[in-house]
Amino acid sequence: MTNGTAPRRTWWKEAVVYQVYPRSFQDSNGDGVGDLPGLTARLDYLADLGVDVLWLCPIFASPNVDNGYDISDYRAIMPEFGTMADFDELLRQATARGLRIVLDLVVNHTSDRHPWFVEARRARTSPLRDYYVWRPPRRGGAPNDWRSYFGGSAWALDTASGEYYLHLFAAEQPDLNWDDPRVRREVHDLMRFWLDKGIGGWRMDTVPFYSKDPSFPDYPPGFDGHLSRAYAMGPRLLEHLAEMKREVLDHYDVMTVGEAPGVTPAQAPALVDERHGALSMVYHFDHLVLDREPGDFFVRRQGGASLVEFKRVFAAWDRALGDTGWAAVMLGNHDFPRMVSRFGEDGQHRRESATLLCTLLMTMKGTPHLYQGDELGMTNVPFASIDAFDDIGTRHTCRALIAAGMDPAAVLAMANQTSRDHARTPFHWDAGRHAGFTTGRPWIGLNPNYPAINARAQRADEGSVHAHARRAIRLRRAHPVLVYGSYEDLDPDHPAVFAYLRRDATSAMLVLLNCSNDSLAYRPPGVTTIGTLALGNYGDRRTAADEPPPAGARFDLRPWEARVHRLA
Ligand code: TEU
Ligand code: CA
């Protein structure tokens, strides 16, 4: 719990961010791929939901080896998504509705089809050679033992020159050499190109990886395989980010949210402390990778993760960020399975657990990031075979595990627990053909449960996940304590209940989340004067201001029940 000075007030601390995976949001021309005109046509839905900022996954020209995270032209719209005129119209329509657009800055690497890499690869003497990271073979093989997130070595041999180039992700995603000032200037220029159009800021992909030790040592002795820890926070990262802040970010009123894999809570203030950090906020992964093997993000750790471990992450980051740092809070995105399937219970208690998770997002300290479809409680998809997966990471890991002799049925079962594709199937607009996403053949199969889980049905149902998400967003907007108040976990060791307090000088909110399938009696430690219910997710799910608190602050919490109470 931090009780120093109140955090500085800014629009991006008060905002609710909605992440759009454009490929799967709304198709407008029947080619089965979501696009910008489709997103523009759905802005009223998003404005009605109450969100303030739309973070769009990459919309730039890309061969889509990694679905847009391999960019071949930073100043052109991916043809499947539309034209620059479509983007300008989207921005105009969003702005007219008070919505800001945040784009996805992917500059740790480019596509291997980017003209920079095509030229750099042409010859060892190319003037652009040093835009990327090239090293000679070591003992006839890769320059060091680094591995790619998508399987195999992080080095690819360029046969023409006999040198290797670095790629922390796919070989089609060569890492840029951030130590070359020309690269940094190129990045600053492309950032300004979009900022000058009036975007609201940047989500910064794999920002902790920009800087690498140029001597490229092997992993340290005893390395536990946690790739992100090995690649994050390189020697000149803070210098490069300070320069980016000075050269670009300080000249605009924008938000930056750094994707921060591998960044420890202790390292985070260096990135986001408002006194000296370059970024507005970071989103961390620690609670999102608790159930994963450190060495392969797509392999599930035996035993999964506990609520106590999950709660510890939030407390550690809150302590580390204090009152001068800031976090993005998310429970899922395009890289993870659906939050209700992962942290809730997507069968009998799907509605209750999805609304509980929405309550957590909207009452936690930090800027909430709601992923498309999670406001409906969309669930994981039952992928019937390994070939049904699209995601490069999932496919690589499945192939490697099968090659290593693992039973294919077990590999499929594990991929169905960890695949990023669960979050990438088309949005469920209605119960019509292809859930109203497309009139054509969808680029990836839909979840067959869309007739039961879709926006049209839920917008007519006051008890739906959508209705609750909408109420929770309005609750956050109505109570600054949920934005700027302190955070205190009241019961960190309780195995089933997540109970926390948000407090400022004039008010306090108590949040009780029963993260279990069981009903249980619960008395929040140290709290006596419980006020009225501000938000609930059960029968009394209206904001029952008239409902008195239970006698003696003893609650009978139903399975997955979420309750937000004012404290008298
Ligand atoms: O994700 C980063 C990523 O996948 C790993 O760095 C991270 O460690 C993992 O998600 C959990 O530890 C970003 C994008 O979100 C992802 O879609 C891209 O595939 C990747 O970078 C490469 O651009
Ligand atoms: Ca389309």
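The second largest cavity of this predicted model is lined by Y21, P22, R23, C57, P58, N67, M78 and F81. About 40 Å³ of space lies within this cavity. In total, 2 cavities of 30 Å³ or more are counted. A packed pair of helices, helix 12 and helix 16, is described after the cavities.

**The second largest cavity**
- The lining of the second largest cavity comprises 6 nonpolar residues, 1 polar residue and 1 charged residue.

**The largest cavity**
- Rolling a probe the size of a water molecule over the atoms reveals where empty space remains.
- The volume of the largest cavity is about 150 Å³.
- Its lining consists of 14 residues, and W317, D318, L321, A327 and K365 are those nearest the centre of the cavity.
- Helix 10 (307-321) and strand 14 (327-330) each contribute at least two residues to this lining.
- Helix 10 provides the largest share, with 4 residues.
- Sorted by class, the lining of the largest cavity has 8 nonpolar, 4 polar and 2 charged residues.

**The packing of helix 12 and helix 16**
- Two packed helices are described by the angle between their axes and the distance between those axes.
- Helix 12 (residues 350-363) packs against helix 16 (residues 465-478) at an angle of about 15 degrees, and the axes are 9 Å apart.
- Because angles under 35 degrees count as roughly parallel, helix 12 and helix 16 are roughly parallel to each other.
- The two helices, 12 and 16, form a right-handed crossing.
- On the side of helix 12, the residues in contact include R350, A354, C358 and M362, while those of helix 16 include V465, A469, I473 and R476.
- By class, this contact of helix 12 with helix 16 has 9 nonpolar, 4 polar and 3 charged residues.

Notes. Residues numbered from 1 in each chain as written. Chains lettered and ligands numbered in written order. Predicted model: local features only at pLDDT ≥ 70, side-chain atom pairs only at ≥ 80, totals over all residues. Heavy atoms only, no water. 1 Å grid on protein atoms, 1.4 Å probe; cavity = no way out; pocket = protein on both sides within 12 Å on 5 of 7 lines; lining within 4 Å. Points joined across faces, edges and corners; volume = space filled by probe spheres on them. Nonpolar A, V, L, I, M, F, W, Y, C, P; charged D, E, K, R; others polar. Axes fitted to C-alpha atoms, helices over the stretch in contact; angles between N-to-C directions. Parallel < 35°, antiparallel > 145°, perpendicular 65-115°, else oblique. Left-handed = near helix turned anticlockwise from the far one by under 90°. Contact = heavy atoms within 4.5 Å.
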